[in-house]
Amino acid sequence: MPGRYNVLFLCTGNSARSIMAEAILNGKGKPFFTAYSAGSHPSGIMRPEALRQIELARFPTEGLRSKSWEEFAKPGAPKMNFVFTVCDHAAQETCPVWPGQPMTAHWGIPDPALAKGTAEQIERAFRDAYMILERRISLFLSLPLSSLDKLAIQKEINRIGAN
């Protein structure tokens, strides 16, 4: 595997979970990782609760935006090394063909945007999703990618998504 990696996080709406994952990996993974996010049916907005979690972690929010996964299947798009789906709907959809055949895994997380209840309960749903993403990304960053073969890496990224 190369020493620098591009990672794409996918969700349906690209408004919360995939945006948070992009910010976390870009904040924790520099200079070896560059993260992106996209949606199969992007909402065009970012949930303010997701942006709040990113800001609380002191990661930058500038440059984040809701966008289509088609941007990353076009000629000239960054070549991805890894593609992770973070919602169950995107995992079941037919994805574009990614140039370079990246390694893929499903890291499904309950959608905090569907949370109902008080403002505190909704904030807790976003915080919980953020914490799960942060834990999984930290585990991913701890993998010795340069010394593992593709089969071992695939096994590990699948294991991370199952926890």
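This is a short tour of a predicted model, going from its sheet to its helices and then to some of its charged pairs.

**The sheet**

Begin by selecting the strands, which form an open sheet of 4 strands in the order β2-β1-β3-β4, with parallel pairing. At the edges you will find β2, residues 33-39, and β4, residues 103-106, each of which pairs on one side only. If you look from strand to strand, neighbours in this sheet are turned by 20° against each other on average, with direction ignored.

**Strand β1**

Next, select residues 5-11, which make up β1 and which 4 bridges join to the parallel strand β3, residues 82-85. To see how the two strands line up, pick V7, which stands opposite F82 in β3, and then F9, which stands opposite F84 in β3. Turning to the other neighbour, you will find that 7 bridges join β1 to β2, again with the two strands running parallel, and that the bridge partner of N6 in β2 is T34.

While β1 is still selected, show its side chains: Y5, V7, F9 and C11 point one way from the strand, whereas N6, L8 and L10 point the other way. Is this strand mostly covered or mostly exposed? The strand is mostly covered, since 7 of its 7 residues are buried, each having a relative accessible area under 20%.

**Helix α1**

Now add residues 17-28, which form helix α1; this helix packs on the sheet and touches β1 and β2, and its direction makes about 170° with that of β2. Seen together, β1, α1 and β2 make a right-handed β-α-β unit.

**Charged pairs**

The next stops are salt bridges, of which a search of the whole structure finds 7. Side chains of opposite charge can pair when their charged atoms come close.

Select E22 and K67 first, which form a salt bridge with their closest N and O atoms 3.8 Å apart. The pair links distant parts of the chain, with E22 in helix α1 and K67 in the loop between α2 and β3, 45 residues apart. Both E22 and K67 are buried.

Move then to K28 and E134, another salt bridge, in which the closest N and O atoms are 3.8 Å apart. Which parts does this pair tie together? K28 lies in helix α1 and E134 in helix α4, residues 119-141, so the pair ties together parts that are 106 residues apart in sequence. As for accessibility, K28 is partly exposed, with a relative accessible area of 36%, and E134 also counts as partly exposed, at 26%.

For a further pair, select E123 and R52, whose side chains meet in a salt bridge at 3.7 Å from N to O. Here the link is between E123 in helix α4 and R52 in helix α2, which are 71 residues apart along the chain. E123 is partly exposed, with a relative accessible area of 28%, and R52 counts as partly exposed at 42%.

**A last stop at R58**

Finish by selecting R58, which you will find in the loop between α2, residues 48-56, and β3. Is R58 buried or exposed? Its relative accessible area is 75%, and because exposed means over 50%, R58 is exposed. If you also select A23, which is 35 residues away along the chain, the C-alpha atoms of R58 and A23 are separated by 10.0 Å.

Key
Residues are numbered from 1 along each chain as its sequence is written. This is a predicted model: local features need pLDDT of at least 70, side-chain atom pairs count only at pLDDT 80 or more; totals for chains, interfaces and linings use all residues. Side-chain values use heavy atoms; hydrogens and water are left out. Two strands pair if DSSP finds at least two bridges between them. Axes are lines fitted to C-alpha atoms, for helices over the stretch in contact, and angles run from 0 to 180 degrees between N-to-C directions. Contact means heavy atoms within 4.5 Å. Buried means under 20% relative accessible area, exposed over 50%, partly exposed in between (1.4 Å probe, protein chains only). A salt bridge is a side-chain nitrogen of Lys or Arg within 4 Å of a carboxyl oxygen of Asp or Glu. A crossover is right-handed if, with the strands pointing away from the viewer, the path from the first strand over the helix to the second runs clockwise.
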